[in-house]
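Thank you for making time for this one. I would like to go through a single structure slowly, looking at particular side chains and their surroundings, so please keep the display in view while I talk.

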Amino acid sequence: MRLNSILNSLEKSWERDDILLKIKNGSGEDEIVNEFLANNEMQIKELNTLLKPKDIDLFNQVEKLSTCESKLINKIKNLNYLENNENQYIVNQKNISSSNEVPFNMISSFMINWSNKVVVFALLTISAIALSKQAWA
């Protein structure tokens, strides 16, 4: 029971909205983490004494999950950048091409945008389901 109370307390100390605000205000990741560790030093030490080997394995899995999510966010961000450049290219081609090719360009533009959004939505949904299953396990 003590483990649950410590984890709940640490979770409340790590409010994502507060962390985002600190990032927006220019705080670095190391600064934010070090501040959290300093503010919760006693709880973290007690947590370390209560952890079992299976808990360490779970932490490793959650760390890998976070890394995967970070890579997914990076890929989505890059897809958005590429998609914007691709759409600009299609618009430029539309201005150059003859009137007979306009419907084809419109259809291809629609398919490119639609398919990317479906893939991103599917990946985010899978990630959310996996995260919630792991949280309830």
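**Side chains and contacts in a helical model**

Let me begin at a single residue, aspartate 17, which lies in helix α2. Please bear in mind from the outset that what we are looking at is a predicted model. Is aspartate 17 buried or exposed? Its relative accessibility is 59%, and because exposed means over 50%, aspartate 17 counts as exposed. This residue is also part of a negative surface patch, whose members are Glu11, Glu15, Asp17 and Asp18.

Let me now step back to the overall layout. The protein has 6 helices and 0 strands, and, read from the N terminus, its elements follow the order α-α-α-α-α-α. Of the 137 residues in the protein, 15% are buried.

With that layout in mind, I turn to the salt bridges. How many salt bridges does the structure hold? There are 3, and I will take them one at a time.

In one of them, glutamate 46 is paired with arginine 2, and the closest N and O atoms are 2.9 Å apart. Since glutamate 46 belongs to helix α4, residues 41–50, and arginine 2 to helix α1, this pair ties together parts that are 44 residues apart in sequence. As for their accessibility, glutamate 46 is partly exposed, at a relative accessible area of 29%, and arginine 2 is partly exposed as well, at 49%.

Another salt bridge joins the side chains of glutamate 35 and lysine 22, with an N to O distance of 3.0 Å. Here glutamate 35 sits in helix α3 and lysine 22 in helix α2, so the pair ties together parts that are 13 residues apart in sequence. Glutamate 35 counts as partly exposed at 33% relative accessibility, and lysine 22 is partly exposed with a relative accessible area of 27%.

The remaining pair to describe is lysine 45 with glutamate 41, where the closest N and O atoms are 3.3 Å apart. Both of these residues lie in helix α4, 4 residues apart, which is about one turn of the helix. Lysine 45 has a relative accessibility of 48% and counts as partly exposed, while glutamate 41, at 42%, also counts as partly exposed.

While we are in helix α4, I would ask you to find glutamine 43, which lies in that helix and is partly exposed, with a relative accessible area of 23%. Which residue, 37 residues apart from glutamine 43 along the chain, has its C-alpha atom at a separation of 6.4 Å? That residue is isoleucine 6, the 6.4 Å being the separation between the C-alpha atoms of the two.

Next, the aromatic side chains. A search of the whole structure finds 1 aromatic pair. The rings belong to tryptophan 14 and phenylalanine 36; their centres are 5.2 Å apart and their planes stand at 85°, so the pair is edge-to-face. Why does this pair tie together parts that are 22 residues apart in sequence? The reason is that tryptophan 14 lies in the loop between α1 (2–13) and α2 (16–24), whereas phenylalanine 36 lies in helix α3, residues 29–39. The two partners also fall into separate accessibility classes: tryptophan 14 is partly exposed, with a relative accessible area of 33%, whereas phenylalanine 36, at 16% relative accessibility, counts as buried, because the cut-off for buried is under 20%.

Finally, I come back to the surface, this time to nonpolar side chains. Leu7, Ile56 and Phe59 make a nonpolar surface patch of about 240 Å². One of these residues, phenylalanine 59, lies in helix α5, which covers residues 53–96. At 40% relative accessibility, phenylalanine 59 counts as partly exposed.

To close, I would leave you with two places to revisit on the display, namely the edge-to-face pair of tryptophan 14 and phenylalanine 36, and the salt bridge between glutamate 46 and arginine 2.

Methods. Residues numbered from 1 in each chain as written. Predicted model: local features only at pLDDT ≥ 70, side-chain atom pairs only at ≥ 80, totals over all residues. Heavy atoms only, no water. Patch = residues over 30% accessible without salt bridge, like charges linked within 9 Å, V, L, I, M, F, W, Y side chains within 5 Å. Areas by Shrake-Rupley, 256 points an atom, 1.4 Å probe, with all protein chains shown as cover. Salt bridge = Lys/Arg side-chain N within 4 Å of Asp/Glu carboxyl O. Helix = DSSP H or I, 4+ residues; strand = E, 2+ residues; numbered from the N terminus. Buried < 20%, exposed > 50% of the residue type's maximum accessible area, 1.4 Å probe, protein only. Phe/Tyr/Trp six-rings, centres within 6.5 Å; stacked < 30°, edge-to-face > 60°. Lys, Arg positive; Asp, Glu negative; His and termini not counted. Charge placed at Lys NZ, Arg CZ, Asp CG, Glu CD.
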